Amino acid sequence: HGSSDGAISFFLPMFESVLSTGRAPELDGQLSPEKVPATVTSSDRRKEGVVLSLGSIALHLKGGNEQKVDGIVDMLLGALKTPSEDVQSSVALCLSKLMKKG
């Protein structure tokens, strides 16, 4: 069992990569590229999943993690550039919950 900080540090670079490229990260050959759909819809679904995951992480971080929350908010704001209403709606939902948290 690792710490939540360790898990967050492990996942954030992968999430950032998915948001910037829309592609699934390379997992040391565990997933063959021909089995990963490369359509725009698939890319948008991956981005939407990452957005929801990032929002959940930010909501559950305890005090003293302001820099991580700020970094996640920056990633979410960057995801708004995605020309997909589903992705943009997910970002809006996550940001509104984060603003309510304070």
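A pocket, as the word is used here, is an open set of grid points, each a place where a 1.4 Å probe fits, with protein on both sides within 12 Å along at least five of seven lines. The structure described in this report is a predicted model.

**The second largest pocket**

The volume of the second largest pocket is about 210 Å³. Its lining is made up of 14 residues, and those nearest the centre of the pocket are Ala58, Glu66, Val69, Lys101 and Gly102. By character, the lining of this pocket comprises six nonpolar, four polar and four charged residues. Helix 3 provides four residues, the largest share of the lining. At least two lining residues come from each of helix 3 and helix 4, the latter covering residues 85–101.

Lysine 101, one of the residues nearest the centre of the pocket, belongs to helix 4. Leaving aside residues up to four places away in sequence, lysine 101 is in contact with Ala58, Leu59, His60 and Leu61. One of these partners, histidine 60, lies 41 residues away in sequence, with 9.9 Å between the two C-alpha atoms. Lysine 101 has a relative accessibility of 43% and is therefore classed as partly exposed, because that class lies between the limits of 20% and 50%.

**Helix 1**

Helix 1 runs over residues 4–21 and contains 18 residues. A rise of 1.5 Å a residue leads to an expected span of 26 Å, and the end C-alpha atoms are indeed 26 Å apart, so the two values agree. The helix nevertheless has a kink of about 25 degrees at phenylalanine 11, shortly before proline 13. After helix 1 comes glycine 22, which has a positive phi near 80 degrees.

The residues of helix 1 that are buried are Ile8, Leu12, Met14, Phe15, Val18 and Leu19. They pack against helix 2, residues 40–60, and helix 3, residues 66–79.

Leucine 19 shows this packing at the level of a single residue. This leucine lies in helix 1 and counts as buried because its relative accessible area is 12%, which falls under the 20% limit. Its contacts, not counting residues up to four places away in sequence, are Lys47, Val50, Val51, Leu54, Met75 and Ala79. Leucine 19 is also 8.2 Å from glycine 78, C-alpha to C-alpha, although 59 residues separate the two in sequence.

**Helix 2**

Helix 2 has 21 residues, and the distance from its first C-alpha to its last is 30 Å, close to the 30 Å expected at 1.5 Å a residue. Its buried residues are Ser42, Ser43, Asp44, Arg46, Lys47, Glu48, Val50, Val51, Leu54, Gly55, Ile57 and Ala58. Helix 1, helix 3 and helix 4 are among the elements that cover them.

Serine 56 is also part of helix 2. Its relative accessibility of 38% places this serine in the partly exposed class. Along the chain, serine 56 is twelve residues from aspartate 44, and their C-alpha atoms are 18 Å apart.

**Serine 89 and a summary of distances**

Serine 89 is located in helix 4. With a relative accessible area of 41%, serine 89 is partly exposed. Its C-alpha atom is 10.0 Å from that of valine 51, a residue 38 places away in sequence.

The table brings together the residue pairs discussed above, with their separation in sequence and in space.

| Residue pair | Separation in sequence | C-alpha to C-alpha distance |
|---|---|---|
| Leucine 19 and glycine 78 | 59 residues | 8.2 Å |
| Serine 56 and aspartate 44 | twelve residues | 18 Å |
| Serine 89 and valine 51 | 38 residues | 10.0 Å |
| Lysine 101 and histidine 60 | 41 residues | 9.9 Å |

Methods
Residues are numbered from 1 along each chain as its sequence is written. This is a predicted model: local features need pLDDT of at least 70, side-chain atom pairs count only at pLDDT 80 or more; totals for chains, interfaces and linings use all residues. Side-chain values use heavy atoms; hydrogens and water are left out. The expected span of a helix is 1.5 Å times one less than its number of residues. The bend at a residue is the angle between axes fitted to the seven residues ending there and the seven starting there. Buried means under 20% relative accessible area, exposed over 50%, partly exposed in between (1.4 Å probe, protein chains only). Contact means heavy atoms within 4.5 Å. On a 1 Å grid over the protein atoms alone, a cavity is a set of points where a 1.4 Å probe fits but cannot get out, and a pocket is an open set with protein on both sides within 12 Å along at least five of seven lines; lining residues have an atom within 4 Å of a point. Grid points are joined across faces, edges and corners, and a volume is the space filled by probe spheres set on the points. Ala, Val, Leu, Ile, Met, Phe, Trp, Tyr, Cys and Pro count as nonpolar, Asp, Glu, Lys and Arg as charged, and the others, Gly among them, as polar.
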